[in-house]
Amino acid sequence: MKALKYLLVGFFFGIVLTKSEAVSWYRIYEMFQFQSFHMYGIIIVAIITGIVGLQIIKRKEIKDIKGNTIVIQDKEKGSARYWIGGFIFGLGWALVGACPGPIFILLGAGFLSGGLILFGAVFGTYLYGFLKDKLSH
């Protein structure tokens, strides 16, 4: 029964991203060409929602699904790895026209090329897990 509510949230998320055109390759292309504010507006709304949500979690001491208090860790020092990781993420996003959320939406909408993107995302995650001890974090 718990899985049903997660499935419903996933469907809702997919509908919102589809209706807002966040899964549109054309909209992503426009963003990376600095031709339109559309995607930047969506990202700004997501950032503001995250900031407000985190403040509510911190101030109200919200508990997770198991009843444990949610603890937000302090930021780590050093930002070079975040810039490098963000650059790699953005490069992949620009090349394939999809970030992780819309991959499944594209598959659900019948775009079989989303399978290739999903394979690349899973492979990249596996590769990072394999190499993370050798990387300089």
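In this predicted model, Trp-93 is buried, because its relative accessibility of 14% falls under the 20% limit. Its aromatic partner Phe-89 is partly exposed at 43% relative accessibility, and the two rings form a tilted pair. The points below cover the aromatic pairs, the charges placed over rings, helix 3 and the surroundings of Ser-36.

**Aromatic pair in helix 4**

- A pair of aromatic rings is described by the distance of the centres and the angle of the planes.
- The model holds five aromatic pairs.
- One of them joins Phe-89 and Trp-93, with 6.0 Å centre to centre and 55 degrees between the planes.
- This pair counts as tilted because 55 degrees is neither under 30 nor over 60 degrees.
- Phe-89 and Trp-93 both belong to helix 4, which covers residues 80-96, and they are four residues apart, about one turn of the helix.
- Phe-32 joins Phe-89 and Trp-93 in one aromatic cluster.

**Aromatic pair in helix 6**

- The ring centres of Phe-119 and Phe-123 lie 6.2 Å apart with their planes at 15 degrees, so this pair is stacked.
- Phe-119 and Phe-123 are four residues apart in helix 6 (residues 113-131), a separation of about one helical turn.
- Phe-119 is exposed, because its relative accessible area of 57% is over 50%.
- Phe-123 has 44% relative accessibility and counts as partly exposed.

**Charges over rings**

- Lys-5 is placed over the face of Tyr-6, at 5.9 Å from the ring centre.
- Lys-134 is placed over the face of Phe-130, at 5.3 Å from the ring centre.

**Helix 3 and the residue after it**

- Helix 3 comprises 23 residues, 38-60.
- From its first C-alpha to its last, helix 3 reaches 33 Å, close to the 33 Å expected at 1.5 Å a residue.
- Glu-61, just after helix 3, adopts a positive phi of about 50 degrees.

**Ser-36 in the loop before helix 3**

- Ser-36 is located in the loop between helix 2 (25-32) and helix 3.
- Ser-36 is buried, since its relative accessible area of 19% is under 20%.
- A polar atom of the Ser-36 side chain lies 3.2 Å from the backbone nitrogen of His-38.
- When residues up to four places away in sequence are not counted, Ser-36 touches Arg-27 and Glu-30.

Definitions and conventions. Residues numbered from 1 in each chain as written. Predicted model: local features only at pLDDT ≥ 70, side-chain atom pairs only at ≥ 80, totals over all residues. Heavy atoms only, no water. Helix = DSSP H or I, 4+ residues; strand = E, 2+ residues; numbered from the N terminus. Expected span 1.5 Å × (residues − 1). Phe/Tyr/Trp six-rings, centres within 6.5 Å; stacked < 30°, edge-to-face > 60°. Buried < 20%, exposed > 50% of the residue type's maximum accessible area, 1.4 Å probe, protein only. Lys NZ or Arg CZ within 6 Å of the ring centre and 35° of its normal. Polar contact = N/O pair within 3.5 Å; in protein donor to acceptor, adjacent residues only side chain to side chain. Contact = heavy atoms within 4.5 Å.
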